[in-house]
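User: I'm new to reading protein structures and would like a close look at one single part. Could you pick a strand and walk me through what surrounds it?

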Amino acid sequence: MDGADGAAPRTNSSADGQYGSACDTALSTLLAVAVYVLVKASLDGIRQWRARISVLVVGSGPIGLTAALVAVRTGKVLKLTVLDERYRTALLCRPQQIALDPRSVRFLLGLGVDFDNMEGCWHNEHFFTKIGVFQEYLLSILEQKKQKVDVKVHLGTKFTDEYLRRIPSGEWPRVIVVADGSCGDSCSVLGISSEYIVESCHAYGANATIERLDQRQVPTPEIRAHSLYFDLSAYGIDAIKEPRSSSQASAKPGFHLKIYGTFRNRYMALACTSADSKMMRFLRHTANSSIMKNIFHQSFNAYKTDIEPRLSELTLQRMQCSRKLFEIMLSHRRVCAAYIEGDNVAVTVEGEAARVLNFDTGCGVNLGMRGLESLGMFIYRTATAQDQNDVFEALSAKIQHSKQVAETFRQTGLATTMFE
């Protein structure tokens, strides 16, 4: 019994030693894992902080140059190249006017745009300026960014297969932004499908334009008029104010008119909801092109500014307008972003190259600006991606946002640009 009593302490001491050794091993393992996680997080943080990529923007219109500014503002761009087949003179002499709505103004202010240093005018929180003025201002900002980013603007250079072949294999851009407009062919060069989804905006419209060389070429606020009806009794159509359908209860009845552009290049847009009235059916199917011209003539003289001349029979001959009402449709690309696997390039399509309306509201640039709201995050996520899956997630988010932009405009875009 004495021998048994003497062995017990040795057994307990051995167990305590094993337990202590196990604890030491666990603590050492835990400490090693913690150090590894900390070091990896630090290295990942340093890698993401230092990550810089090359970006190519195709198109130097308002959307293309804004996309370039978004890119350099991310802090993740080492080299930025802007291409456009047009030369500088052709770009900066464009007389068309653009209207930036309050949301686009806030977006551009966040990019460092100073509207006080740009020729234009304000009206109802909208900023009106000429396209050429806007482009020249953005080009000047990009010129200033050359101190921190390798910025190259190649005007008079077309984006083609030959251009791509001249790029050394290790110097391909990591991100390509296609913003060459609705008539550009850069997407086909990259092998992106040209298939569009065409959807109705549940409204009908017509456009008109007139150039008066004796008038000023200065930015001018737009004019809107609502609930208009036209006397078509000469054509057998009574001007009866027919009730609107319940599905269009959010819009005012009748026609909606907008006059915009400079005094020299005047534009008009006429739109109505798709209520099935006798007047609208007549204007949709008439073969008499003079009817729409007379409607625009009378509407302009009734709602023009007091300081500009009326349209006369002489100036009316220089008016071009739609022959009849047409259904307003929004077309947007089925494929608006893609990944070129062999070259590890992420592509996004912006502006009218991605989505375009067959009706000019004078506010089309804002639809393009909406798409750019997610571009900065897309470039950041692509630059800091650790693997291909991270790039795919960035592309997926960009695609979802692009679809959302198109659907939101289809549902409410005309309300904000024409009906309100």
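**A close look at strand β7**

Analyst: Let's start with the pairing: strand β1 (residues 53–58) and β7 run parallel, joined by four bridges. Keep in mind that this is a predicted model. One place to spot the pairing is Val-55, whose bridge partner in β7 is Val-175.

β7 also pairs with strand β15 (residues 345–349), again parallel and with four bridges. Here you can look for Val-178, which has Val-349 as its bridge partner in β15.

Now for the side chains of β7, which covers residues 175–178. Val-175 and Val-177 point one way, while Ile-176 and Val-178 point the other way. Whichever way they point, all of them are buried.

Just past the strand in numbering comes Ala-179, and that takes us to a glycine. Gly-64 touches Ala-179, and also Val-57 and Gly-59, if you leave aside its neighbours within four places in sequence. You'll find Gly-64 in helix α2 (residues 62–73). Gly-64 counts as buried because its relative accessible area is 1%, and the cut-off for buried is under 20%. Its C-alpha atom is 9.2 Å from that of Leu-83, which sits 19 residues away along the chain.

Zooming out, the protein chain has 13 helices and 16 strands, and buried residues make up 47% of its 420 residues. Of the contacts between residues at least 6 apart in sequence, 81% join residues at least 24 apart.

Definitions and conventions: Residues are numbered from 1 along each chain as its sequence is written. This is a predicted model: local features need pLDDT of at least 70, side-chain atom pairs count only at pLDDT 80 or more; totals for chains, interfaces and linings use all residues. Side-chain values use heavy atoms; hydrogens and water are left out. Helices (H or I, at least four residues) and strands (E, at least two) are DSSP runs, numbered from the N terminus. Buried means under 20% relative accessible area, exposed over 50%, partly exposed in between (1.4 Å probe, protein chains only). Contact means heavy atoms within 4.5 Å. Two strands pair if DSSP finds at least two bridges between them.
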